[in-house]
Amino acid sequence: MKTIIYNIGTLAGILPSDVRKLDGAEMNQVECIENAYLVIEDGVITDFGEYSADRCHFPNDSSTCGQGGSTVLETTPDSRTHNPESEEADATYIDAKGGYVMPAFCDSHTHIVYAGCRDGEFRDKIAGLSYEEIAARGGGILNSADLLHETSEEELYGQSMVRVLEIMSMGTGAVEIKSGYGLTVEDELKMLRVIRRIKETAPITVRANFLGAHAVGRAYKGRQSEYVDLVCNEMLPRVAEEGLADFVDVFCDEGFFTVEDTDKILSKAAEYGITPKIHANELEVSGGVQVGVKHGALSVDHLEKTTDAEIEALRGSGTMPTMLPGCSFFLGIPYGNAKGYIEAGLPVALASDYNPGSSPSGNMRFVMALGCIRMRLTPEQSFNACTINTAYAMGVSDILGSITVGKKANLIITKPVPSLAFIPYSHQTPVIEQVILNGISL
Ligand code: NIG
Ligand code: FE
């Protein structure tokens, strides 16, 4: 099946096929083509280029245009749409009406499989309790674990799919989803099976992350090391046996899991060949970055609290520093020092952290806007942080995250907007006109 998007005002986010992430100053650029077209075949980008009446011809003409040289476009889009008898009659034409076409967002850090919500804690938060104080009173992650325990797998899938559809409609084309509200062997497996079902049934690209070490389960209160043993010796083997996780995660932070716990869990995960992605330095400088890098983590996430030591640990590591500005916004905690990381030559990714406790939103456009407004990234840096670098942080930058021939056609078409900057600047204006996943319009 072939789809041709024409009348593209600006095609943004073009990258060569060998680029997997953008580091430091490379993040300053977003390559664009004005007045463009893009061709999709069987869900994959097969060609794109500048639309030109001189160079782009209708099928009868043997000359072609574009990178792949396979595109045939008639000279007037209007007649094309009204010419079903043409040689391209089997193609679907999408008129971008002068808008931007850009890669769909990749959201490399979410917890969108959860039961119910935590709106009661929202009141506590407004009344002045901190995230740690709410957790210490038995709320927080344990509250979500109680709710999840009482929720059937079917119901959990239904509730989670509502959020999956919501983020898709807001332009997210790939999502990493963590477990971590189970905290017992059976409930962690229940969550991961729901994530697998989402992967199988939704058009969005999904990667699953086993986060058994999100908090110590209630039954293990005061026995943290025994809970870590449960994660290592009972949960991980079952997760690996059923092939339920692409990644393993640990909340390595003050009041949660220690560097030693994390080291133990990641060593065990390595025996099963499962790559880590770590929660670190949200509440305190935790050592989580260093232990993550030591174990070859694909990303270390949060980083609201960091020092020069973290920057040095990440240099040359292949580990993506990922910041979650929606969490900083919601909890009122500091934003990660994204600019400092970029100035140090490191890459930065920005993800939503969509979860019921610290970031109840999966709107990646808002994340991109916070990247600019609160972290002082340029629109180009923030765009790259939400697309190619998050694709890297979830291990999909070979197939997603940019406009590249051979990558999946997961795309956003906007209304005509004056610039890339307008997208985060006018962040509540509904500019997303269409979302295309696997070449198919939602
Ligand atoms: O990434 N920080 C740890 N985990 C989540 C919050 C989970 C929750 O509060 O439910 C986060 O912010
Ligand atoms: Fe998180």
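## Helix α7, the parallel sheet and an iron site

In helix α7, the buried residues are Tyr227, Val228, Leu230, Val231, Cys232, Met235, Leu236 and Val239; buried means under 20% relative accessible area, with exposed over 50% and partly exposed in between (1.4 Å probe, protein chains only). This is a predicted model, where local features need pLDDT of at least 70, side-chain atom pairs count only at pLDDT 80 or more, and totals for chains, interfaces and linings use all residues. Residues are numbered from 1 along each chain as its sequence is written, chains are lettered from A and ligands numbered from 1 in the order in which they are written, and side-chain values use heavy atoms, with hydrogens and water left out.

What sits over those α7 residues? The cover includes α6 (185-201), β8 (205-213) and α8 (259-271). Helices (H or I, at least four residues) and strands (E, at least two) are DSSP runs, numbered from the N terminus.

α7 itself spans residues 224-241, 18 in number, and reaches 25 Å from its first C-alpha to its last, close to the 26 Å expected at 1.5 Å a residue; that expected span is 1.5 Å times one less than the number of residues. There's a kink of about 35 degrees at Met235, shortly before Pro237, the bend being the angle between axes fitted to the seven residues ending there and the seven starting there. Just after the helix, Gly243 takes a positive phi of about 60 degrees.

Now the sheet: 8 strands form an open, parallel one in the order β6-β7-β8-β9-β10-β11-β12-β13. Its edge strands are β6 (105-110) and β13 (349-350), each pairing on one side only. Two strands pair if DSSP finds at least two bridges between them. Here's the β10 to β13 stretch:

| Strand pair | Bridges | Residues opposite each other |
|---|---|---|
| β10 (275-280) and β11 (299-302) | 4 bridges | Ala280 and His302 |
| β11 and β12 | 3 bridges | Ser299 and Met320 |
| β12 (320-323) and β13 | 2 bridges | Met323 and Leu350 |

Helix α9 (residues 288-294) joins β10 and β11 in a right-handed β-α-β unit. From β11 the chain crosses through α10 (residues 308-314) to β12, again right-handed: with the strands pointing away from the viewer, the path from the first strand over the helix to the second runs clockwise.

Which residues hold the iron ion (ligand 2)? Its protein donors are His109 (NE2), His111 (NE2), His279 (NE2) and Asp353 (OD), lying 2.0 to 2.4 Å from it. Donors are N, O and S atoms within 2.8 Å of the metal (3.2 Å for Na, K and Ca), and water is not among the atoms, so sites may look incomplete. Along the sequence the spacing reads H-x1-H-x167-H-x73-D. Both His109 and His111 are buried.

Definitions and conventions:
Contact means heavy atoms within 4.5 Å.
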